[in-house]
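Work through the exercises below with the model open beside you. Each one sets a task and then solves it step by step.

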Amino acid sequence: MIKDVEAPIYTEGIFSGSREALIEAVKTQVSNKRFEHILRVEQMALNLAEKWDVDLETASIAALVHDYAKERSDADFLAVIAEKKLDPDLKQWGNYLWHGVVGAELVHDELGIHNQDILDAMRQHTTGAAYMTQLSQVVYMADYIEMGRDFPGVAEVRQLAFEDLGASVGWQTTHTLQYLLAKQGRIYPGTITTYNGWSTK
Ligand SMILES: [Fe+2]
Ligand SMILES: [Fe+2]
């Protein structure tokens with residue numbers, strides 16, 4: 001169904017090195033399993049970016065860094081929240097939220113990536129947001145539908161992401177919320193804000 005888009009050669013100076021150098025930097029941070037996931041997210045993000053006219057280099061970088069901080073310790077994240085004076089409410093949550101929202105600070109400082117659209121796409125990749133750029137939607141969806149994912153409806157939502165990107169964002173958000181409710185876990189209010197922002201009813 002999907003013909004893979006070729007990865008771009010970096011020319012825009014968003015990251016100081018090549019795509020290969022960025023891949024190496026990411027690889028040092030995560031397990032092999034997660035690294036493979038990240039490469040599949042990049043491929044799906046490129047495919048979606050081509051379809052939706054998002055800059056390929058930007059999409060590649062955002063996808064490659066999205067889980068850069070996923071394996072950092074809670075102590076690391078709490079230190080960044082304090083140091084950068086981020087919203088203290090963040091401390092109530094965990095890795096699920098921190099690896100995006102707080103992780104973006106680590107990508108900024110450690111990888112020297114200062115592009116706000118990329119950092120916002122990383123911040124929003126787990127919970128979404130009421131307003132998301134096309135880039136942010138592409139990363140949010142690519143993380144969910146990369147070719148290693150397998151869950152009921154995955155084929156349907158993969159197709160939807162190429163037909164109506166916004167509708168696929170709504171689909172993911174609704175299903176995530178249903179999953180969280182079924183588990184009877186706490187729900188980050190931002191997830192509900194995302195749901196309301198993308199609900200069409
Ligand atoms: Fe993630
Ligand atoms: Fe991910």
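In what follows, buried means under 20% relative accessible area, exposed means over 50%, and partly exposed lies in between (1.4 Å probe, protein chains only). Helices are DSSP runs of H or I with at least four residues, strands are E runs of at least two, and both are numbered from the N terminus. This is a predicted model, in which local features need pLDDT of at least 70 and side-chain atom pairs count only at pLDDT 80 or more, while totals for chains, interfaces and linings use all residues. Residues are numbered from 1 along each chain as its sequence is written, chains are lettered from A and ligands numbered from 1 in the order in which they are written, and side-chain values use heavy atoms, with hydrogens and water left out.

**Exercise 1. The faces of α4**

Task: Sort residues of α4 into buried and exposed, and find what covers the buried ones.

Solution.
Step 1. F77, V80 and I81 are the buried residues of α4.
Step 2. Seen down the helix axis, the buried residues of α4 fall within an arc of 100 degrees, so they line one face. The arc is that of the directions from the helix axis to the C-beta atoms.
Step 3. On the face turned away from the buried side, α4 carries the exposed residues A75, A82 and E83.
Step 4. The cover over the buried residues of α4 includes α5 and α6.
Step 5. After α4 comes K85, with a positive phi near 50 degrees.

**Exercise 2. Two loop residues**

Task: Locate V102 and G94, and state whether each is buried or partly exposed.

Solution.
Step 1. V102 sits in the loop between α5 (95–101) and α6. Its relative accessibility is 0%, so V102 counts as buried.
Step 2. Contact means heavy atoms within 4.5 Å. Leaving aside neighbours within four places in sequence, V102 is in contact with F77, V80, I81, L86 and L90.
Step 3. Between V102 and L90, 12 residues apart in sequence, the C-alpha to C-alpha distance is 8.9 Å.
Step 4. G94 belongs to the loop between α4 and α5. With 26% relative accessibility, G94 counts as partly exposed.
Step 5. G94 and F77 are 17 residues apart along the chain, and their C-alpha atoms are separated by 9.0 Å.

**Exercise 3. The iron ions**

Task: List the protein donors of the iron ion (ligand 2) and of the iron ion (ligand 1), and place them along the chain.

Solution.
Step 1. Donors are N, O and S atoms within 2.8 Å of the metal (3.2 Å for Na, K and Ca); water is not among the atoms, so sites may look incomplete.
Step 2. For the iron ion (ligand 2), the protein donors are H37 (NE2), H66 (NE2), D67 (OD) and D143 (OD), at 2.2 to 2.3 Å. Their spacing along the chain is H-x28-H-D-x75-D. H37 in helix α2 (residues 32–52) and H66 in the loop between α3 (56–65) and α4 (74–83) are 29 residues apart, a pair that links distant parts of the chain. H37 and H66 are both buried.
Step 3. The four donor atoms of the iron ion (ligand 2) make angles of 83 to 178 degrees, and the site is irregular. Four donors count as tetrahedral if all angles lie between 85 and 135 degrees; four count as square planar and six as octahedral if opposite donors are over 155 degrees apart and all others between 65 and 115; anything else is irregular.
Step 4. For the iron ion (ligand 1), the protein donors are D67 (OD), H99 (NE2) and H125 (NE2), at 2.1 Å. D67 in the loop between α3 and α4 and H125 in the loop between α7 (116–123) and α8 (134–145) are 58 residues apart and link distant parts of the chain. D67 is buried at 5% relative accessibility, and H125 is buried at 1%.
Step 5. D67 coordinates both iron ions, which are 3.6 Å apart.

**Exercise 4. The enclosed interior**

Task: How many residues of α3 are buried, and what covers them?

Solution.
Step 1. Nine of the 10 residues of α3 are buried, so the helix is largely enclosed by the rest of the structure.
Step 2. The cover over these buried residues includes α1 (19–27), α2, α6 (103–111), α7 and α8.
Step 3. The largest nonpolar core has 59 residues, and L22, L48, I113 and M141 have the most contacts inside it. Such a core is a set of buried Ala, Val, Leu, Ile, Met, Phe, Trp, Tyr and Cys residues joined through side-chain atoms within 4.5 Å.
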